[in-house]
Amino acid sequence: MRIVKSNRSQFKDHQITDETVFNNKRHFLKKLGLVSTGALLTTPSQAGLFDWLKDDEAQPAKPPAPLKQLSYQPVKQSQKDQLELTPQDKVTSYNNFYEFGTAKQDPSEHAHQLTVDPWQLTVSGMVETPITLNYDDLFSSFALEERVYRLRCVEAWSMVIPWVGFSLADLLKKAGVKSDAKYVAFETLYRPNEMRGQKSRFIGGSIPYPYTEGLRIDEAMHPLTLLAIGLYGKSLPNQNGAPVRLVVPWKYGFKSIKSITSIKLTNRQPKTTWNISAPDEYGFYANVNPNVDHPRWSQASERIITSGGLFDQQRVKTLPFNGYADQVAALYKGMDLSKYY
Ligand SMILES: Nc1nc2c(c(=O)[nH]1)N[C@H]1C(S)=C(S)[C@@H](COP(=O)(O)O)O[C@H]1N2
Ligand SMILES: [Mo]
């Protein structure tokens, strides 16, 4: 997802950059003489660098919150058997959550700093009844079900994850969507004190915060569209977007916005983080499409993360709409999907 332009082999480059940057960070700072002296830096960009350094040296502020055991309608075993699940430790340690850093291991190392209880999720805008869900409401207001979905990141890797949650449609129906509402806008928590990436672009990359996403109303009401509050039978680990995140399985992973505080019904297409950052690379629709390449790499296949090694290269063909075409292709009938990517 880095928006730095590069024409080197993108995919390898991305992995190597993440790991090398991470491992060499301290070394690099030592070389600059920053670690030993704790030099006070003054300009805003240097202050960002200072946070980056400080954060690495700091001890965890608090232990990760214990996960809640959930009760839910389990997915049918026959459905579960169709896809090999990505092991839980990989689902929770190889993440994109730039609020905690751009490297894949940053979220699992730093997201424990996020306070998820108390939480408030508001549903507002063009609705009959605005709703606020508190932390406990997220777990008790709707019938919870397990759904096993493929998650296909735009970076051409994928996982298969057993989520627990409820249909976004259930929540939207409860609020009563007004007939002129055309889109749904989502926003992630903005809390720089707990989200180190929001304090510094050295940590959180060059994207605007808070992270925002959006769906057309028919996409939002689609039965596959899930608000997840758990995975593998327990509440979400913070790095996966606790306490509540979106999962839209036929779209690239960046649409599945984490740690949501606001859902707003609107008649205008919402501005979305990655589209603002690099509009020629990340569209509003972001439907998984093997026939429309990212400008810097192919989307024809993906590296599926299974029980093999983390960087094991099991490549499979990418499916149109990530394998959900029979359920969602009709939403885009007549649209030029290379234009509306
Ligand atoms: N707020 C927020 N949501 C986010 C992201 C992020 O950086 N910030 N990354 C997205 C991307 S690119 C992907 S692939 C998925 C990854 O979800 P996972 O880490 O639970 O697998 O989260 C998405 N949601
Ligand atoms: Mo992603």
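Let's start in a loop: Pro-243 sits between strand S8 (234-235) and strand S9 (245-247). Keep in mind as you look around that this is a predicted model. The peptide bond that leads from Ala-242 into Pro-243 is cis, and its omega is near -5°. That is worth a pause, since most peptide bonds are trans.

A second cis bond can be found elsewhere in the chain. Go to the loop between helix H6 (106-110) and strand S1 (120-125), where you will meet Pro-118. Here the bond from Asp-117 to Pro-118 is cis, with omega near 10°.

While we are visiting loops, turn to the one that runs between helix H11 (273-277) and S11, which holds Ala-286. Most residues other than glycine have a negative phi. Ala-286 is not a glycine, yet its phi is positive, at about 55°.

Following the chain to S11 brings us to some strand pairing. Strand S11 covers residues 301-304 and runs parallel to strand S4 (residues 157-167), to which 2 bridges join it. If you want a spot to find this pairing by eye, look for Ser-158, which stands opposite Ile-304 in S11. S11 also pairs with strand S12 (residues 315-317), this time in the antiparallel sense and over 3 bridges. In that pairing, Arg-303 has Arg-315 in S12 as its bridge partner. So S11 takes part in a parallel pairing with S4 and an antiparallel pairing with S12.

Now for the ligand. Which residues come closest to ligand 1? Of the 16 residues that surround ligand 1, the closest are Asn-95, Tyr-98, Glu-99, Ser-256 and Lys-258. Sorted by class, the shell is made up of 7 nonpolar, 6 polar and 3 charged residues.

Some of the contacts can be picked out one by one. Asn-95 places a polar side-chain atom 2.8 Å from an oxygen atom of ligand 1. In the side chain of Glu-99, an N or O atom is 2.8 Å from a nitrogen atom of the ligand. Arg-245 has a polar side-chain atom 3.0 Å from an oxygen atom of ligand 1. How much of the ligand does the protein cover? On its own, ligand 1 has 530 Å² of accessible area, and the protein covers 99% of it. The space that ligand 1 takes up is the largest cavity.

Definitions and conventions
Residues numbered from 1 in each chain as written. Chains lettered and ligands numbered in written order. Predicted model: local features only at pLDDT ≥ 70, side-chain atom pairs only at ≥ 80, totals over all residues. Heavy atoms only, no water. Near = heavy atom within 4 Å. Polar contact = N/O pair within 3.5 Å; in protein donor to acceptor, adjacent residues only side chain to side chain. Areas by Shrake-Rupley, 256 points an atom, 1.4 Å probe, with all protein chains shown as cover. 1 Å grid on protein atoms, 1.4 Å probe; cavity = no way out; pocket = protein on both sides within 12 Å on 5 of 7 lines; lining within 4 Å. Sits in = over half its atoms within 2 Å of the grid points. Nonpolar A, V, L, I, M, F, W, Y, C, P; charged D, E, K, R; others polar. Pairing = 2+ DSSP bridges. Helix = DSSP H or I, 4+ residues; strand = E, 2+ residues; numbered from the N terminus.
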